[in-house]
Amino acid sequence: MISFEEVSKTYPGGQQALVKVNFHIAPGEMAFLTGHSGAGKSTLLKLISIMERPSVGKVLINGHDLNTITRRQIAYIRRDIGMIFQSHQLLMDKTAFDNVALPLVIEGYTHKEINKRVMAALEMVGLHDKAKYFPMMLSGGEQQRIGIARAVVNKPPILLADEPTGNLDPKLSMEIIKLFEEFNRAGVSVLIATHDLGLIARMRYRTLTLRRGRMITDGLTESEGDML
Ligand code: ADP
Ligand code: ADP
């Protein structure tokens, strides 16, 4: 589903963000990506969502080599990827419903189909009764769940999350992770970038650890102490 082969990324300024990174994420797998600030987590996610290109090496998504795909294929592959951010990036002048509907409106779905899918997505995150609320009327955890509903509304097989619990307390963070687990059980591949080691330690998932752009560990978390 997602493959990195000897991937390096050097930004125009000369900053080496990733160095010879190799990993593979299978369909239906859920994994954490961790490392200190500046380790390269966001860059790795941006390579998967084709917001950045590798300087060296190969990134494969669903068998497509991102070095050789066409513009038309980029749009097609992006549709397979749901992105969740720390700052949920909701439009504050739009209701929860309209925020979640946005990807479907862009795709040109009918009103009926949009209504059905948006309400199903809001139901999944437990907020179907808040469809008409504006983001300001919702708590931080609820805003994040609206962001998640928007990311899954067109049922992408891949979910990428960049510090999705960054602004949330431990209890709300766990609820968000439980939500990801539900999508994962439904067959979605999930990759969660976080520096919240406490959160990772409470789960038992494969954890990819970056340090200054290099992948230093890849496996199940053992203990909280010796990860970085
Ligand atoms: P993380 O998400 O783990 O904090 P990043 O992927 O954001 O790490 O950053 C990795 C390195 O690349 C850092 O040194 C950062 O300063 C640098 N970097 C990130 N984005 C850019 C950019 N657009 N231009 C130049 N350097 C960048
Ligand atoms: P938290 O303590 O988790 O930040 P809040 O106290 O902000 O939560 O919100 C608690 C509940 O009250 C939420 O379900 C939210 O949707 C609702 N709420 C908060 N502010 C408003 C508002 N201005 N109008 C209507 N409902 C609100």
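Good morning. I begin with Glu29, which is partly exposed at a relative accessible area of 21%. Please bear in mind throughout that this is a predicted model.

Glu29 forms a salt bridge with Arg206, and the closest N and O atoms are 2.7 Å apart. Arg206 belongs to strand S9 (residues 206–211), while Glu29 sits in the loop between strand S2 (16–25) and strand S3 (30–34), so this pair ties together parts that are 177 residues apart in sequence. On the accessibility side, Arg206 counts as buried, with a relative accessibility of 15%.

The structure holds eight salt bridges, and I shall discuss two others. In one of them, the side chains of Lys9 and Glu52 meet with an N to O distance of 3.4 Å. Here Lys9 comes from strand S1 (residues 2–10) and Glu52 from the loop between helix H1 (41–48) and strand S4 (56–61), so parts 43 residues apart in sequence are tied together. Lys9 counts as buried at 8% relative accessibility, whereas Glu52 is partly exposed at 24%.

The other pair I have chosen is Lys171 with Glu175, whose side chains meet in a salt bridge at 3.5 Å, N to O. Both residues lie in helix H6 (residues 170–185); being four residues apart, they are separated by about one helical turn. Lys171 is exposed, with a relative accessible area of 60%, and Glu175 is partly exposed, with 34%. Returning to Glu29 and Arg206, salt bridges with shared partners join these two residues and Asp218 into one network.

I turn now to the ligands. Which residues surround ligand 1? They are Tyr11, Gln15, Ala17, His36, Ser37, Gly38, Ala39, Gly40, Lys41, Ser42 and Thr43. Helix H1 gives the most to this shell, with three residues. By class, the shell around ligand 1 has three nonpolar, seven polar and one charged residues.

Oxygen atoms of ligand 1 take part in several polar contacts that I would like to point out. A polar backbone atom of Ala39 is 3.2 Å from an oxygen atom of the ligand, and for a polar backbone atom of Gly40 the distance is 3.0 Å. From Lys41, a polar side-chain atom lies 2.9 Å from an oxygen atom of ligand 1. On its own, ligand 1 has 560 Å² of accessible area, of which the protein covers 64%.

Ligand 2 is surrounded by Lys130, Tyr133, Met137, Leu138, Ser139 and Glu142. The shell around ligand 2 divides into three nonpolar, one polar and two charged residues. Both Lys130 and Glu142 place a polar side-chain atom by an oxygen atom of ligand 2, at 2.5 Å for Lys130 and 2.8 Å for Glu142. Met137 contributes through its backbone, with a polar atom 2.9 Å from an oxygen atom of ligand 2. The protein covers 38% of the 560 Å² of accessible area that ligand 2 has on its own.

My final topic is the surface. Met92, Tyr133, Phe134, Met136 and Met137 form a nonpolar patch there, with about 510 Å² of accessible area together. Within this patch, Met92 is found in the loop between strand S6 (81–84) and helix H3 (96–107). Met92 is partly exposed, at a relative accessible area of 38%. Tyr133 and Met137, which belong to the patch, are also among the residues that surround ligand 2.

Thank you for your attention.

Note on methods: Residues numbered from 1 in each chain as written. Chains lettered and ligands numbered in written order. Predicted model: local features only at pLDDT ≥ 70, side-chain atom pairs only at ≥ 80, totals over all residues. Heavy atoms only, no water. Salt bridge = Lys/Arg side-chain N within 4 Å of Asp/Glu carboxyl O. Helix = DSSP H or I, 4+ residues; strand = E, 2+ residues; numbered from the N terminus. Buried < 20%, exposed > 50% of the residue type's maximum accessible area, 1.4 Å probe, protein only. Patch = residues over 30% accessible without salt bridge, like charges linked within 9 Å, V, L, I, M, F, W, Y side chains within 5 Å. Areas by Shrake-Rupley, 256 points an atom, 1.4 Å probe, with all protein chains shown as cover. Near = heavy atom within 4 Å. Polar contact = N/O pair within 3.5 Å; in protein donor to acceptor, adjacent residues only side chain to side chain. Nonpolar A, V, L, I, M, F, W, Y, C, P; charged D, E, K, R; others polar.
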